[in-house]
Amino acid sequence: MSKVTEIHTDKTIDLMKVCEALAEHDAYQIHIKYYDDTTIQYFMCGISTRMNAVSKEDYGYEVRITTIACEKDFELYRDTVKHMLKLTGGKAIYEFENEIENAESFFNDDFIKKSVRDEFNLTMTLVEAKHPIGYFCPMRMFSIGEKMYKKITSFSTNKDEQRNYLYDLIRESQYKYDGENSTIMRILFDPDNEDEEKAERISCYRKNEYRYIQSAQYFGLFDENKDDAIVMKYENLEKIAPATWELYDEDQYIAHDISDEEWETMWNKALEFKV
């Protein structure tokens with residue numbers, strides 16, 4: 001779940017000034033994910049597990065942080081609210097009912113510790129009850145299901161150690177290797193169906209073109225030399241993935257470069273699952 005602070009104000013500001021204030025006054029090294037006249041999303045490279053965001057609303061602005069954000073992300077959230085109050089001269093209301101006079105005292109260490117623990121516990125409870133969860137992290141999705149649950153709970157019996165281990169896994173999935181995410185496209189298998197809402201998604205891969213494989217309903221291999229393609233259910237990717245590829249979450253891969261021979265092996269295995 002998101003945590004929202006409303007900034008009620010009639011003043012309009014350039015949202016880039018928020019990140020400039022965070023960098024200048026609090027020494028944050030901010031990376032901008034998205035920016036336009038109404039929305040800015042940003043994070044700390046190598047540190048953040050989720051993104052902070054500020055958006056323009058009818059009443060003024062909204063400052064938002066989402067589930068499984070780490071402590072440092074919450075500190076960034078706190079300081080964002082602090083600077084929004086200074087920049088707009090507005091009134092801050094947290095979760096639609098709590099007025100904030102001082103962001104630093106309201107979002108104190110106890111608040112942050114309770115928030116990250118509660119969110120982790122809720123996440124693990126949902127996953128244990130067979131409800132897999134996917135999170136939009138700074139660089140790519142991170143999914144938690146049965147395999148990740150077992151990995152995290154096997155790491156330690158201490159909840160805080162489990163939570164910090166999850167943060168480390170997310171950071172590795174976002175920042176460990178440079179490289180692009182596999183291309184996601186929409187695909188319609190029924191040529192008579194023109195309803196785009198019913199289109200499914202395919203994660204497309206060419207040999208050594210992408211570093212991270214994103215999950216979708218389908219997985220597609222494309223070979224320009226063969227002038228051919230193979231489309232298969234994504235769930236079968238684990239049966240053809242090269243031995244050097246690493247799962248970085250429940251079902252998504254770090255795709256290390258493979259040889260021509262490994263590519264041919266992967267291609268031939270994929271033919272068994274072609275749809």
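A residue is called buried when its relative accessible area is under 20%, exposed when that value is over 50%, and partly exposed in between. With this in mind, the predicted model shown above can be read from the whole chain down to single side chains.

**The chain as a whole**

The protein chain is built from seven helices and 16 strands, and its C-alpha trace spans about 65 × 45 × 35 Å along the principal axes. Of the 275 residues in the chain, 46% are buried. Among contacts between residues at least 6 apart in sequence, 56% join residues at least 24 apart. The chain exposes about 14600 Å², of which carbon and sulfur atoms supply 45%.

**Charges and salt bridges**

The chain carries 35 positive and 56 negative side chains, and the centres of these two sets lie 4 Å apart. On the surface, D14, E20, E24 and D37 gather in a patch of negative charge; one of these residues, E20, has its place in helix α1 and is partly exposed, because its relative accessible area is 44%.

The structure holds 19 salt bridges, and three of the pairs are listed here.

| Salt bridge | Closest N to O distance |
|---|---|
| R163 and D160 | 3.0 Å |
| K207 and D260 | 3.2 Å |
| R211 and D257 | 3.4 Å |

Both R163 and D160 lie in helix α6, three residues apart, which is about one turn of the helix. Is R163 buried or exposed? R163 counts as buried because its relative accessible area is 5%, whereas its partner D160, at 24%, is partly exposed.

The salt bridge between K207 and D260 links distant parts of the chain, with K207 in the loop between β11 and β12 and D260 in helix α7, 53 residues apart. K207 is partly exposed at 31%, while D260 is exposed at 55%.

In the salt bridge of R211 with D257, R211 lies in the loop between β11 and β12 and D257 in the loop between β16 and α7, so this pair ties together parts that are 46 residues apart in sequence. D257 is partly exposed, with a relative accessible area of 45%. Elsewhere, D26, R78, D79, K82 and E104 are linked in a network of salt bridges.

**Two residues with positive phi**

A27, although not a glycine, has a positive phi of about 65°; A27 lies in the loop between α1 and β2 and is exposed, with a relative accessible area of 63%. D227, also a residue other than glycine, has a positive phi near 55°. D227 is found in the loop between β13 and β14, and its relative accessible area of 73% makes it exposed.

Conventions
Residues are numbered from 1 along each chain as its sequence is written. This is a predicted model: local features need pLDDT of at least 70, side-chain atom pairs count only at pLDDT 80 or more; totals for chains, interfaces and linings use all residues. Side-chain values use heavy atoms; hydrogens and water are left out. Helices (H or I, at least four residues) and strands (E, at least two) are DSSP runs, numbered from the N terminus. Buried means under 20% relative accessible area, exposed over 50%, partly exposed in between (1.4 Å probe, protein chains only). Contact means heavy atoms within 4.5 Å. Accessible areas come from the Shrake-Rupley method with a 1.4 Å probe; for residues, only the protein chains shown count as cover. Lys and Arg count as positive and Asp and Glu as negative; His and the chain ends are not counted. The place of a charge is taken as NZ of Lys, CZ of Arg, CG of Asp or CD of Glu. Patches are made of residues with over 30% relative accessible area and no salt bridge: like charges are joined within 9 Å, nonpolar side chains (Val, Leu, Ile, Met, Phe, Trp, Tyr) within 5 Å. A salt bridge is a side-chain nitrogen of Lys or Arg within 4 Å of a carboxyl oxygen of Asp or Glu.
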